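I opened this notebook to record what I looked up in the structure. The entries follow the order in which I took up each topic.

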Amino acid sequence: MNDRISQLLKRAPGPGPVVAEGWVRTKRESKTVCFLELNDGSCLKGLQVVVDLDTFADATILARITTGAAVACTGELTASPGGNQDVELKASSITLHGEAPADTYPLQKKRHSLEYLREIAHLRARTNTMGAVARVRHAVSYAVHSYFNEKGFYYVHTPIISTSDAEGAGEMFQVTTFDLDNIPRTEEGVIDYDQDFFGRKASLTVSGQLEGETYALALKNIYTFGPTFRAENSNTKRHLSEFWMIEPEMSFCTLEGDMAIAEEFLKYVFSYVLEHCAEDMAFFSQWVEKGVAETLRSVVEKPFVHMTYTDAIVELEKNNDKFDFPVKWGSDLQTEHERYLTEQVCKGPVIVTDYPKEIKAFYMKLNEDGKTVRAMDVLVPRLGEIIGGSERESRLEVLTERMTSLGLDPADYWWYLDLRRYGSVPHAGFGLGFDRAIQYITGMQNIRDVIPYPRAAKQADF
RNA sequence: UCCCCUGUAGCUCAGUCGGUAGAGCAGGUGGCUGUUAACCACCCUGUCGGCGGUUCAAAUCCGUCCGGGGGAGCCA
């Protein structure tokens, strides 16, 4: 395989032929010389290919090379007299692999709106912004695995198809092999799931947490990293129907340990990206969200602010006149409140803990006061919640009672409750929305532009 | 799902008081001694989102449907 353009750009000029392969971003011509800017996705910057029209053998090929064409250029790497690059490729021959007729190719050598690019999602990876997002997304994925591996966590593949009837985390996509025009029904007229593929109602997972806990209570520290599905008809710039989630789960761990890991983990990932995607981060800082790289750096350097829900309410109540929806103890924090806490009160990420049990899930550990649970949300400026986690209720009786009072049937969760029956231990975990993390890191405004092919209500093209 | 905004050339948009449409970029042609968001000149480009209504006359006003964006809820 030939060198990537990122490698060629770092090389010193010298004799001997090299080959550069990629897609043409722009072509600039004058009487005696023609410049191609070649990009292969390995970095933001392109390689300048120089064609001397007086000596180049096959000048006719140049007419067919336009923005978007795929070419392989052979030549010598020389020092560039131009100001924007150290080296350039003096081409002796060019192979044109695929043309991109300029009158129909949807990408022009100009800036396009992100909305337009979504309509040509199959080509948008060839743009600066989407290329940078793709590289950062890769780097963050790598850093996630790297962090957990270094900390001795095991990567667990929890199921995509779930048969837990009532996970309670929102609407689910049903999975069935039924002929929808002819669904089997019992004599009572109820859908007969006995005849369905799994012999029961099945859906796409909304969380790998419950299954993750079972492995944490065997391997001590585990994490999941996979796709998650929510059938909510939500139409916002930070929701997707299909998104990726990271869910660590730690045994012999309380909420304090959970928060410590969450903070250390985020900082590790941010540092990794700042170090390994410096060029892309500079691009985001300049064109997408002013100063986003500097913000990330300051987040890495400062300890996160901690605050109980009760204290947060006290802080917010001082400014209730500024909110569309005033808060009082017991109310859920809305977007405007989360943003006020992070952007005005704390000026950075904040971890809010010990929420009222009424607004949190059944599996969270009940506090001594009987009113709050050991939950924690990591809130960040601009986005709000990026991590939601908790210490899990490890006491069988308390957990069963909580489920019952919420109208859940403990029998449906027999295997989950077995974890409390046999070898139960304090344990905790959290969920990080991967795509939201990418949004936070890059400064991209819409979550649909940080995932290659976004799925949302009425949107599943490509 | 609710509220607000929006849909005009390939793209980004302007279009006044209702009188059948315009700019920049892209594209084409020519020019230009090394350009880098190349530059200069000229040229081409339209079912004004769809359907219906009001009117002598609709891009413009009204209704409706569809697409896009923003906000809210829900959450990650």
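**Second largest pocket.** I began with the second largest pocket, whose lining is made up of 30 residues. Nearest its centre I found K110, R111, N128, T129 and F283. The model is a predicted one, and I read the pocket with that in mind. The space in the second largest pocket comes to about 890 Å³.

I then asked which elements supply at least two residues each to this lining. They are β1, α3, α4 (128-150) and α7 (278-288). Of the elements, α7 gives the most, with six residues. By class, I noted twelve nonpolar, eleven polar and seven charged residues in the lining of this pocket.

**Largest cavity.** Next I turned to enclosed space: how many cavities of 30 Å³ or more are there? The count comes to one. The volume of the largest cavity is about 30 Å³.

I listed the residues that line the largest cavity as V140, V144, F265, L266, V269, F270, L432, A437 and I441. The lining holds nine nonpolar residues, with no polar and no charged ones. At least two lining residues come from each of α4, α6 (255-276) and α13 (434-442). Helix α6 gives the most to this lining, with four residues. I note that α4 also supplies at least two residues to the lining of the second largest pocket.

**RNA strand B.** I looked up the surroundings of RNA strand B and found 48 residues there. The closest are K90, R118, N233, T236 and R436. These surrounding residues divide into ten nonpolar, 21 polar and 17 charged.

Which elements each supply at least two residues of this surface? I recorded β1 (14-29), β2 (33-39), β5 (87-98), α3 (114-119), β11 (242-251), β15 (384-391) and β16 (427-433). On the RNA side, 51% of the strand B atoms within 4 Å of the protein belong to sugar or phosphate, and the rest belong to bases.

I then examined single contacts. A base oxygen of RNA strand B lies 2.7 Å from a polar side-chain atom of Q48. For K237, a polar side-chain atom is 2.7 Å from a phosphate oxygen of the strand. At I386 the protein partner is a polar backbone atom, 2.7 Å from a sugar or linking oxygen of RNA strand B.

**The open sheet.** I traced an open sheet of eight strands, with mixed pairing, in the order β6-β10-β11-β16-β15-β14-β13-β12. β6 (154-155) and β12 (305-308) stand at its edges with a single partner strand each, so one side of each has no neighbour in the sheet.

Within this sheet I followed one pairing. Strands β14 (residues 372-380) and β15 run antiparallel and are joined by six bridges. I noted that V378 has I387, in β15, as its bridge partner. β15 also supplies at least two residues of the surface near RNA strand B.

**Aromatic pairs.** Finally, I counted aromatic pairs and obtained 23. I took one of them, Y309 and W329, for a closer reading: the pair is edge-to-face, with 5.7 Å centre to centre and 80 degrees between the planes. Y309 lies in helix α9 (residues 309-317) and W329 in the loop between α9 and α10 (335-345), so the pair ties together parts that are 20 residues apart in sequence.

Key:
Residues numbered from 1 in each chain as written. Chains lettered and ligands numbered in written order. Predicted model: local features only at pLDDT ≥ 70, side-chain atom pairs only at ≥ 80, totals over all residues. Heavy atoms only, no water. Near = heavy atom within 4 Å. Polar contact = N/O pair within 3.5 Å; in protein donor to acceptor, adjacent residues only side chain to side chain. Nonpolar A, V, L, I, M, F, W, Y, C, P; charged D, E, K, R; others polar. 1 Å grid on protein atoms, 1.4 Å probe; cavity = no way out; pocket = protein on both sides within 12 Å on 5 of 7 lines; lining within 4 Å. Points joined across faces, edges and corners; volume = space filled by probe spheres on them. Pairing = 2+ DSSP bridges. Phe/Tyr/Trp six-rings, centres within 6.5 Å; stacked < 30°, edge-to-face > 60°.
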